[in-house]
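Grab a pencil and work through a few short exercises with the model in view. Try each task yourself before reading its solution.

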Amino acid sequence: MEYKNTLNLPKTDFPMKANLPVMELEIQKYWDEINIYDALLEERKDSDLYVLHDGPPYANGHIHIGTAFNKILKDFIIKYKNIRGFRTPYIPGWDCHGMPIEHNVTKELGPKIKEISKLELRKKCREYADKFVNIQKGEFKRLGVFGDWGNPYITMSNVYEADIIDNFGKLVEKNFIYRGLRPIHWCMKCQTALAGNEIEYEDKESPSIFVKYKWVGENKFFLIWTTTPWTLPANVAVAMHPDEDYVEVDSSFGSLVMMKKLFESVKGKLNDLSMKIVKETKAKDYLDKIYLHPIDANRTGRVITADFVTTDTGTGIVHIAPGHGYDDYQAGIKFNLDIISPVEKDGTFSQSVEKYAGINVFKANAAIIEDLKLEGSLIFEEKFSHSYPVCWRCKSELIFRATEQWFLDVEKSNLRERLLREIDSTKWIPAWSKERIYNMVKTRPDWCLSRQRSWGVPLPVLYCKKCGSPHIKKSTIDKVRDEVLKHGSDIWFEKETKELVGEIKCDKCGGTEFEKETNIFDVWFDSALSHSAVVKKRPDLRWPSDLYLEAVDQHRGWFQVSLIVSTATDDRAPYKEVLTHGLILDKNMKKMSKSLGNVFSPEMICKKYGAEIIRLWFASIDYTSDAPFGEELLKTSLDTYFKIRNTIRFMLGNLGENDLSKIKIEKEEMHKLDRYILSRYARTRKRILEYYDNYEFHKVFREFYNFIVNDLSSFYLDVLKDRLYTYAKDSKERQSGLYTVYLLLNDMLKQIGPILPFTAEQAYMHFKKPEKKKSVHMETIDNTFDSYLDAKIEENFDFLNSVRGNALMALEKMRNSGEIGKSVEADIILSPRNEETRKLFEEYKDILSQIFIVSNVEIKDETGEEFQDRKLSYALKAEKAEGEKCARCWLYLDTVGQDEKHPQLCEKCAEAVKSEV
RNA sequence: GGGCCUGUAGCUCAGUUGGUUAGAGCGCACGCCUGAUAAGCGUGAGGUGGUUGGUUCAACUCCAACCAGGCCCA
């Protein structure tokens, strides 16, 4: 029993129980103390630069699991590039302006909103955004993300706002900016424009009418369908489906054109039994045909085609009013139609519609229907129920109303072609990502930059008080820019026009009095300019960025808007590579939403499990598609984490207090098994680095984890125990094993550092090595490990491992029959059947019993009937070990009892015990 | 309705240019060890490859349709 004290058992202070929620905070504190971010940049000050530019999350609410996923993926790359020796500044940013914040602040204010000024509202929005920037900052840091947290970029800062205005000036100078009409959702009660998430939907009954539009010069009619009679005064065209068949029919209402598919339905509704098809036609037969305007007989309209024409309701011909509908508007742009919108802010018709001027549009519905009936052009009417948009605040029904907006022209200076060219020369990961954005950009409309809101950067445009024409000039815009740089964009609302831009004159009428634009920029314009306001401006970065990394939805968002402004102003994409990841869904692959209650906060998970567990989960999934998330799944990561942690702990324990600087063993001098595992690891880590370089973290993780499980834990370390525990402390065999463990752990901590930064750091603190850095993240990975590659020895072990597999099965059989418990109670008998195998067995004779973890391995000629398996180049059998059990190493050996002083020990143990004294 | 993506064991992933009985780890079951012990080791059972057709001597791998889910548009 007392011989146990003579063994070299593992010992370490590195705790088995991680207690991550506490440990991570301690490590974080240490990182703060050594100022890890600056320290890393200093460490790499002469290295090559790598720029991953952070897309700004919206400063609204706490971070959610998706935001965490994105930041952690970025952090994997930053930390990996860093440990590969790159200088990796990372400037996190926040998107601060925009509707959702304004909306939330407005909601909080309630009715008080009416009492406060625009500037006060903006101030409240600023405070709101500021609060969440700080909250999110803490939450990101908590996840172990390294970055310039003390100096992030904020889109509402003076410098950033000034840069937005500066770039707008550049776009104006290059003629990309124009003013045009565009229909937007409008609440006539609140007299305001509404954005997407301010709109709610309610079921509503609308009139559904069929109206005859008479052809010019012919007594035939298009039978059109609409649910908004009040938009008829703004009619400029009718649309037919380009791919559908049409028919001309005779009816008691005259000769009508309609979609063939809908003929029976229309016939039924009109209740006209005499109705019959006289001619089959195609939409293209009518293209550009002129008809008389249904309300204003002095006007005409023409036929266009549009694929949004429905084929299951109505007549298959749709009334088009580009000023009053989004589809209509798109079609209007495509076919160069007039965009007319004779509706005032309060929802009444303007003077241009003589008949209905001053009447509310919804009230006008009935009047219009009556009039059309009287004329005989309305031939069918019914009620149609559908969901209809209403105002989130006053719940009144919304209309589409064309208003003056500012646009960025994507056709100007061949911009669209240039965008496509830039998409083509950028590397998109995964590859399909390119096609996705390419198709979007190919068909996207001009960018509407103006928003009728308060919380944002004002559009620096002035309007002549005398003639109303806009003043939009680079020189004036630059003056505004300078003011904003000094005072922030509130200055636009605070100062008088003259104080802002000095004396200016209207180009049209010479007027000198101007009004300031009240619109602000679309927030996407803000974030689009981070490439300029951040990447170009910060001395520690370099434009264009090496990488942008965001979720799939950003093809329509940040990837695209950044590309547009950057290409317009600088004629190239702001990035060299773009990496896209999928979204995090719930465990059933359903969208997460607060109403479903399937949302997890990263904060809660950090408190309960630790950031490492989330990071490990994110590393284990393939981010190119959407991924599930749930607490049960996190449990897997927890198990995985502890396996990694325990393996590291075991290695640390064996290294113990040994002074590793003393050990230096040439490769040729090392134990065969050590040479094997080093070669195997050298190959593994080469693959790991390749995966890292391709941003395939789930493959990194799997490669790493499989090595830990299959190669280290269940094989190498298990086999090594005997050598480390029982051999004499300074024996060559033991030293070789120690040195191997040291080499492995030293490299493994660096490899896993990007994924498990806290654990790698904690282990590094307990790791005794010469010339240690302040942090594991200051280390660098180089390729010296490649010198351990040894194809021959790996080939030999491939074979030996297969023999081991058979040995284990034979041992399992003995265990099941109760003959043995642990494997050292057995011997293995090998019998080679060919010369090659015999030679190999002989070559590895000295370590075979170790590999199998048995007491003895005997190589002898085949004798008995036990050797059945003829497929193998050897026969194998397990028997109960002969010899006596050594009290120290527990092997059953012949040499036990030979030593006079230590009769209970084997020869090796006796020597070992003596050498320690 | 359109553009793009995803669908291999309970879970997360592999599967080279179509070619033998579709692999791994986890989990699970059973067993061993008690000198990695809130650990470690072994053995084993799990797959109609979303569905249906087609091409082919041969398809998880190519094609088509459909189903389910996701993002972005409409």
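**Exercise 1.** Find out what share of the atoms of RNA strand B within 4 Å of the protein belong to sugar or phosphate.

*Solution.* Keep in mind that you're looking at a predicted model. Start with the atoms of RNA strand B that lie within 4 Å of the protein: sugar or phosphate accounts for 78% of them. What's left over belongs to bases.

Next, look at some contacts with the phosphates. H698 puts a polar side-chain atom 2.6 Å from a phosphate oxygen of RNA strand B. Y725 also uses a polar side-chain atom, and here the distance to a phosphate oxygen is 3.0 Å. With S714, it's a backbone N or O atom that sits 3.1 Å from a phosphate oxygen of the strand.

**Exercise 2.** Work out which element gives the most residues to the surface near RNA strand B.

*Solution.* List the candidates: the elements giving two or more residues are α8 (326-335), α11 (432-443), α19 (611-620), α20 (631-655), α22 (697-726) and α25 (791-816). The winner is α22, with twelve residues.

Now zoom out to the 55 residues around the strand: D327, D622, D626, H698 and S713 come nearest. Sort the residues of this surface by type and you get 21 nonpolar, twelve polar and 22 charged.

**Exercise 3.** Decide whether L638 is buried or exposed, and find its contacts.

*Solution.* Place the residue first: L638 is part of helix α20. Its relative accessible area is 17%, and the cut-off for buried is under 20%, so L638 counts as buried.

Then skip the neighbours within four places in sequence, and you'll find L638 in contact with Y609 and I613. For one more distance, take L616: it is 22 residues from L638 in sequence, with 8.6 Å between the two C-alpha atoms.

**Exercise 4.** Describe the second largest pocket: how much space does it hold, and what lines it?

*Solution.* Volume first: about 1100 Å³ of space lies in this pocket. The lining comes to 38 residues, and Q191, T192, A193, Q452 and R453 lie nearest the centre.

Now trace where the lining comes from. Elements supplying at least two residues each include the helices α4 (99-109) and α5 (118-142), along with the strands β3 (177-187) and β15 (399-408). The top contributor is β15, with five residues. Finish by sorting the lining by type: 13 residues are nonpolar, twelve polar and 13 charged.

Definitions and conventions. Residues numbered from 1 in each chain as written. Chains lettered and ligands numbered in written order. Predicted model: local features only at pLDDT ≥ 70, side-chain atom pairs only at ≥ 80, totals over all residues. Heavy atoms only, no water. Near = heavy atom within 4 Å. Polar contact = N/O pair within 3.5 Å; in protein donor to acceptor, adjacent residues only side chain to side chain. Helix = DSSP H or I, 4+ residues; strand = E, 2+ residues; numbered from the N terminus. Nonpolar A, V, L, I, M, F, W, Y, C, P; charged D, E, K, R; others polar. Buried < 20%, exposed > 50% of the residue type's maximum accessible area, 1.4 Å probe, protein only. Contact = heavy atoms within 4.5 Å. 1 Å grid on protein atoms, 1.4 Å probe; cavity = no way out; pocket = protein on both sides within 12 Å on 5 of 7 lines; lining within 4 Å. Points joined across faces, edges and corners; volume = space filled by probe spheres on them.
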